[in-house]
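Reader: I have a fresh model on my screen. Please walk me through it in short answers.

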Amino acid sequence: MATAHSSPPKEPPASSKEEVVAEFRRRSLIQAACQVFGERGFEQATMDAIAEKAQVAKGTVYLYYPSKRAIYDAVFASGMGEIERLIGDRVAAAATAREAIAGFVTVRTEYFQQHPDFFRVYVAEFARQVAAGADERSGCQLALERQTRALQRVMEKAVANGEVRSVDPEAAALAVFDMSKGLVGRRLLIGSRSSVQRDIAFLTDLIWSGLQPARGKKK
């Protein structure tokens with residue numbers, strides 16, 4: 001009787017030169033568009049300005065993104081996806097709830113500090129969707145949920161083991177989200193005499209002091 005031999009797992013096909021070039025072009029266009037949208041806002045931005053910033057013909061922009069709204073949405077999704085990935089990695093590596101909070105605040109603060117154009121896009125898009133009404137808020141709502149999900153899971157465990165006081169884990173994660181946004185906005189709007197690391201440490205301490213169990217209970 002013949003013995004069946006299992007085939008070795010197939011490796012994913014290597015990207016073709018055309019795919020590599022296309023991916024590079026998309027990243028370049030998103031970076032250029034982010035700068036244009038951050039500087040001018042959606043209404044004043046043009047595909048001509050994006051093409052000029054990316055140093056390509058306008059037709060090249062339309063080849064990858066059929067409209068200004070399409071490339072704007074791609075800019076927003078790209079930035080939010082990168083933040084989500086960085087938060088997930090940082091929170092997963094944290095040994096305590098406090099470290100997870102510090103990691104969450106650090107990622108968001110440092111990312112937006114390094115990408116001020118995207119922060120302006122981010123704020124404008126949240127404001128637009130809030131003004132548009134509940135039916136059009138799903139994109140930002142989902143992005144917010146994805147960014148806070150990892151921290152919410154940490155908070156659930158911390159509440160269960162007494163590391164923090166009895167709070168709603170989702171509300172706590174959203175509060176950290178809101179305060180980190182405020183920190184970034186204040187630094188970009190009026191600056192700060194403190195370094196970004198000191199501001200992050202101060203905010204983390206402030207948040208943690210509000211989450212600690214009452215004295216006499218497990219800390």
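Reader: Which residue meets the side chain of Arg85 in a salt bridge?

Author: A salt bridge here puts a side-chain nitrogen of Lys or Arg within 4 Å of a carboxyl oxygen of Asp or Glu. For Arg85 the N to O distance is 3.8 Å. The side chain on the other end is that of Asp89.

Reader: What is left out of the side-chain values?

Author: This is a predicted model, where local features need pLDDT of at least 70, side-chain atom pairs count only at pLDDT 80 or more, and totals for chains, interfaces and linings use all residues. Residues are numbered from 1 along each chain as its sequence is written, and side-chain values use heavy atoms, leaving out hydrogens and water.

Reader: How far apart in helical turns are Arg85 and Asp89?

Author: Both sit in helix H4. Helices are DSSP runs (H or I, at least four residues), numbered from the N terminus. Because Arg85 and Asp89 are four residues apart, their separation is about one helical turn.

Reader: Are Arg85 and Asp89 buried or partly exposed?

Author: Buried means under 20% relative accessible area, exposed over 50%, and partly exposed in between (1.4 Å probe, protein chains only). Arg85 has a relative accessible area of 45%. Asp89 has 47%. That makes Arg85 partly exposed, and Asp89 is likewise partly exposed.

Reader: Which residue forms a salt bridge with Arg120?

Author: The bridge lies within helix H6, between residues three apart, about one turn of the helix. Arg120 is partly exposed at 42%. Its partner counts as buried at 16% relative accessibility. With 2.6 Å from N to O, that partner is Asp117.

Reader: Which helices does the salt bridge between Asp199 and Arg187 tie together?

Author: Their side chains meet at 2.6 Å, N to O. The two residues are twelve apart in sequence. Asp199 lies in helix H9 and Arg187 in helix H8, so the pair ties together parts of H9 and H8.

Reader: Which residues are linked in a network with Asp199?

Author: Asp199 and Arg187 are both buried. Salt bridges link Asp199 into a network. The other members are Arg186 and Arg187.

Reader: How many salt bridges are there?

Author: The pairs above are among them, including Arg120 with Asp117. By the 4 Å rule, the count comes to eleven.

Reader: How many strands does the protein chain have?

Author: Read along the sequence, the pattern is α-α-α-α-α-α-α-α-α. The chain has nine helices, and its number of strands is zero.

Reader: Which helix supplies the largest share of the largest nonpolar core?

Author: A nonpolar core is a set of buried Ala, Val, Leu, Ile, Met, Phe, Trp, Tyr and Cys residues joined through side-chain atoms within 4.5 Å. The largest one has 60 residues, and those with the most contacts inside it are Phe37, Ile71, Ile101, Phe118 and Tyr122. Helices that each supply at least two of its residues include H1 (17-44), H5 (97-114) and H7 (138-160). The largest share, nine residues, comes from H4.

Reader: What share of the 219 residues counts as buried?

Author: Val36, found in helix H1, counts as buried at 3% relative accessibility. Over the whole protein chain, the buried share is 37%.

Reader: How far apart in space are Val36 and Met47?

Author: In sequence they are eleven residues apart. From C-alpha to C-alpha, the distance is 9.4 Å.

Reader: What separates the C-alpha atoms of Arg69 and Phe42?

Author: Arg69 lies in helix H4 and counts as partly exposed at 28% relative accessibility. Phe42 is 27 residues away along the chain. Their C-alpha separation is 8.4 Å.

Reader: Which residue has a positive phi although it is not a glycine?

Author: Look in the loop between H2 and helix H3 (58-64). The residue there is exposed, with a relative accessible area of 74%. Its phi is about 60 degrees, and its name is Gln55.

Reader: Which residues gather in a patch of negative charge on the surface?

Author: Patch members have over 30% relative accessible area and no salt bridge; like charges are joined within 9 Å, nonpolar side chains (Val, Leu, Ile, Met, Phe, Trp, Tyr) within 5 Å. One member, Glu170, lies in helix H8 (residues 169-190) and is partly exposed at 40%. The patch gathers Glu145, Glu156, Asp168 and Glu170.

Terms used:
Areas by Shrake-Rupley, 256 points an atom, 1.4 Å probe, with all protein chains shown as cover. Lys, Arg positive; Asp, Glu negative; His and termini not counted. Charge placed at Lys NZ, Arg CZ, Asp CG, Glu CD.
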